[in-house]
Amino acid sequence: MNLLTTYQYAGGNVLERRRLVQKPSISFPEHDREKDALLKEISIDVYHFLVDHLIPERNNVCVVDTKDALELEKRIGQGTRSVVNVRRLNEVRHINSFLEELNHCLPDAGIFIGCVESVRNIRDKKKKVLGPVLFRIYWLLVFLFHRVMPKISYLKKLYFRLTKGRFHWLTMAETLGRLVCCGFEIIEYKEIDGLLYFSVIKTGEPDCGRDASFGPLFGMNRVGRYGKILKVYKLRTMHPYSEYLQEYVTRLNGYNKTGKPKDDFRVATWGRFYRKYWIDEIPQLFNVLKGEMNIVGVRPLSETRFKELPEDLQKLRIRFKPGCIPPYVALLMPDAEGNIEAERIYLAEKLKRPIFTDFKYFFMAVSNILLGKIKSS
């Protein structure tokens, strides 16, 4: 068992605020003094998090404090099965390149444990210091500079020229999404000492951010007519790299009453406002102009969600184009089961009278929205 100890300040009996971890008495053939020193610097809560996922003192565990991918490659030796990086991911300049190199160095099912200072952690600390009024002004400027500016292509270079990429403002969703994008699967995450610690396992090769989106307008892969995958355009309501967490979030929390992922931490604060007033759906009119969607029709679903539907409904759905206004809005059946039933009713009517059905459902839906009978989730 690992022995835990406290450190006494010189000249007094006051306990150190941050307890340190004492090495176990077991001696290893190749003693890594640097690893031992790093383990002594972490708090007891962080050490417990490590022990929940691996035994950090083992020879096949590499403990580092680095933000450099080249240094990471040098430090990870042959036979290493797990890596712990005590440096915040925010300080890594090229995060994806760093994670891709880590993926390359680890074997299949290799474990990586790291940490990040999330935007929420920073916000909570600043709010306590500045107070509510000054904090709102400060946070608006921070949001525009650190969250909006680096996501706009023609301002991105200026942003990194000013900041030199020394610190990335990362949300929990973006951090976890980047990890999944780079070939890892999430095991657990936990807030400790003002930082978000995560444990992930290598399950595949990096995707290199092929589907990641940053701007205010983005396209989502959705199942369209004849099963063809199309890009459905929406205003951003989620944090970057959220696309990679769809399966994880639904597996973790399931679906809510409206058939959308429950307790979805990927949705940003402004995103909830957009969704409440249907603002995020407006760019779908571009899909209508391209002839990929109709004004009224079944919701365009992700492949993950589409495959969860009953097989007969899958076959029926792909006979028609998806729509901007789904049937449940017209029929006032927003819950998950009602949503499916509303699609069955609509599709049955559309098979008989396609044009009349769309007009009928359009006016029913608009009436329900204007009268406040239904709201977007």
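Here is a walk through this predicted model, from its confidence scores to its sheet, its hairpins and a pair of packed helices.

Let's begin with how far to trust what you see. The pLDDT averages 86 over the protein, and 89% of the residues score at least 70. Residues 1-31 are another matter, with a pLDDT below 50, although this stretch still has 46 contacts in the model beyond near neighbours in sequence. Where pLDDT is low, the predicted coordinates should not be read in detail.

Now find the open sheet. Its five strands come in the order 3-4-5-7-6, and their pairing is mixed. Strand 3 (61-64) and strand 6 (184-192) are the edge strands, each pairing on one side only. Going from one strand to the next, you'll find a twist that averages 15°.

Stay with strand 6 for a moment. Strand 6 runs antiparallel to strand 7 (residues 195-202), and eight bridges join the two. If you want a landmark, look for Phe 184, which stands opposite Lys 202 in strand 7. The two strands form a hairpin with two residues between them, and in that turn Asp 193 has a positive phi of about 55°. Then look for helix 4 (residues 95-105), which lies across strand 4 (82-88), strand 5 (111-116), strand 6 and strand 7. Helix 4 runs at about 120° to strand 6.

Further along the chain comes another hairpin. Strand 8 (residues 217-223) and strand 9 are antiparallel partners, with seven bridges between them. One pairing to pick out is Arg 222 with Leu 230, its bridge partner in strand 9. Five residues sit between the two strands of this hairpin, and Tyr 226 in the turn has a positive phi of about 65°.

Strand 9 (residues 229-235) is worth turning around on your screen. In a regular strand the side chains alternate between the two faces of the sheet. In strand 9, Leu 230, Val 232 and Lys 234 make up the covered face, while Ile 229, Lys 231, Tyr 233 and Leu 235 are on the uncovered one.

Next, a couple of loops. In the one between helix 10 (269-276) and helix 11 (284-289) you'll meet Trp 278, which has a positive phi of about 65° although it is not a glycine. Leu 332 lies in the loop between helix 14 (327-331) and helix 15. Leu 332 isn't a glycine either, and its phi is positive too, near 55°. With a relative accessibility of 39%, Leu 332 counts as partly exposed.

That loop brings you to the last stop, the packing of helix 15 (residues 336-352) against helix 16 (residues 354-370). Their axes are 6 Å apart and meet at an angle of about 140°, so helix 15 counts as oblique to helix 16. On the helix 15 side, the residues in contact are Ile 345, Tyr 346, Glu 349, Lys 350 and Lys 352. Helix 16 answers with Pro 354, Thr 357, Asp 358, Lys 360 and Tyr 361. Sorted by class, this contact has four nonpolar, one polar and five charged residues.

So what does Thr 357 touch in this packing? Leaving out residues up to four places away in sequence, Thr 357 touches Tyr 346, Glu 349 and Lys 350. Thr 357, found in helix 16, has a relative accessible area of 2%, so it counts as buried.

Methods: Residues are numbered from 1 along each chain as its sequence is written. This is a predicted model: local features need pLDDT of at least 70, side-chain atom pairs count only at pLDDT 80 or more; totals for chains, interfaces and linings use all residues. Side-chain values use heavy atoms; hydrogens and water are left out. Axes are lines fitted to C-alpha atoms, for helices over the stretch in contact, and angles run from 0 to 180 degrees between N-to-C directions. Helices (H or I, at least four residues) and strands (E, at least two) are DSSP runs, numbered from the N terminus. Angles under 35 degrees count as roughly parallel, over 145 as roughly antiparallel, 65 to 115 as roughly perpendicular and the rest as oblique. Contact means heavy atoms within 4.5 Å. Ala, Val, Leu, Ile, Met, Phe, Trp, Tyr, Cys and Pro count as nonpolar, Asp, Glu, Lys and Arg as charged, and the others, Gly among them, as polar. Two strands pair if DSSP finds at least two bridges between them. Buried means under 20% relative accessible area, exposed over 50%, partly exposed in between (1.4 Å probe, protein chains only). pLDDT is the predictor's confidence in each residue, from 0 to 100.
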